[in-house]
Amino acid sequence: MGDDEPVNVKEYQELAKQALPKMYYDFFAGGSEDQHTLRENVEAFKRITLRPRILVDVSKIDMSTTILGYKTSAPIMIAPTSLHQLAHPQGEILTAKAAAACNVIMGLSFSSTCTIEEVASSCNAVRFFQLYVYKRRDISALMVKRAEANGFKAILLTVDTPKMGHREADIKNKMIAPQLKNFEGLMSTTVDNSEGSNLEAFTSSSLDPSLSWKDIAWLKSITQLPILIKGVLTREDVIKAMEIGVEGIIVSNHGGRQLDYVPAAIDALEEVVLAVQGRIPVLFDGGIRRGTDVFKALALGAQAVMVGRPIVFGLAAKGEYGVKRVIEMLKDELELTMALSGCPTLNDITRNHVRTQIDDRHSRL
């Protein structure tokens, strides 16, 4: 290892900050308004403590699992994040190759800079496709059909973005959205907005704010793929989602980029898990920076976690190698956490292995 070789995921963020133009770093790193939820996503993990078991045979640790029936080396997935070519010229193709090399599932963003077909042909990674519903439903429907035709295994419908959050750094920087190749010949992603973020202007003019529960039936009618909804934080929405028949739920606050002052994702997880009662998979997205974070999310009932910003920072700092190292670091740290907690398999990780602030309050009553 060289002197500048990161020893943890957070150090990749520093390298990315040095490597990227300020506009692009701020775009990837930033959140909405006061960035309270952005900070809380990471800070809330620090308020959860571990309750290890001793004298358990942990000579063999098995982190492998299945997600929607697809085998994966660990309960760690690549979250769908946009515009990877702003981080590295080869963009999502390298991210996908790293996912394949590490045997983890990749979520590809609707706003990817490489096309669905380029990513699909680059490697044999299991891939899920993240979907935004645009006012022009024909474009969203076409992307779903292209994803399905190119071997993507699930649709991740983002439901927390009827309008784009107020991301002040992007407005100050006058963030420019590149033309997205997926939409070539279908629509232009260039919008004249000299007053602020070109990206915000484009997204706001494209997203369909009328999207509602009844539209899940429309989505089901155009694809055979399982549909997971991404952006759920409350028991009430879990109940509606299960009534309507989605195949999974992703607890997420969009990385603190949408509505500020919603809870940290990890603080919302247990409410969702208790409402689901094991009937469909619950995935978790938001604030994962350590293997201990992965362990805490699993103990609180997530089947797997998604990792977003650290992947992009690894890509910006060291390309495909950087993405692989971020995944490997999290896997190595999770393996060590499982060993030190007395959990040889994922099934051994239980709610009793963590203590939250709610537990602390109950114990004082």
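## Parallel strands and crossovers around β6, β7 and β8

In the strand pairing of this predicted model, Q130 lies opposite L156 of β7. Local features require pLDDT of at least 70 and side-chain atom pairs count only at pLDDT 80 or more, while totals for chains, interfaces and linings use all residues. Residues are numbered from 1 along each chain as its sequence is written, and side-chain values use heavy atoms, with hydrogens and water left out.

Helices (H or I, at least four residues) and strands (E, at least two) are DSSP runs numbered from the N terminus. Two strands count as paired if DSSP finds at least two bridges between them. The pairs are listed below.

| Strand pair | Sense | Bridges | Opposed residues |
|---|---|---|---|
| β5 (residues 106-108) and β6 | parallel | three | L108 and F129 |
| β6 and β7 | parallel | three | Q130 and L156 |
| β7 (residues 155-158) and β8 | parallel | four | L157 and I229 |
| β8 and β9 (residues 248-251) | parallel | four | I229 and I249 |

From β8 the chain passes through helix α10 (residues 235-244) to β9 in a right-handed β-α-β crossover. Right-handed here means that, with the strands pointing away from the viewer, the path from the first strand over the helix to the second runs clockwise. Six of the six residues of β8 (residues 227-232) are buried, so this strand is largely enclosed by the rest of the structure. The term buried denotes under 20% relative accessible area, against over 50% for exposed and in between for partly exposed (1.4 Å probe, protein chains only).

Strand β6 is also mostly covered, with five of its five residues buried. On one side lie R127, F129 and L131, on the other F128 and Q130, and all of these are buried. The passage from β5 through α5 to β6 is a right-handed β-α-β crossover, and β6, α6 and β7 form a right-handed β-α-β unit.

Helix α6 (residues 137-149) has 13 residues, which at 1.5 Å a residue should span 18 Å; the end C-alpha atoms are 18 Å apart, in agreement. The expected span is 1.5 Å times one less than the number of residues. Buried residues in α6 are I139, S140, A141, M143, V144, R146 and A147. An α-helix has 3.6 residues a turn, so residues three or four places apart point the same way. The buried residues of α6 pack against α5 (116-122), β6 (127-131), β7 and α9 (215-222), where contact means heavy atoms within 4.5 Å. After α6 comes G151, whose phi is positive, near 85°.
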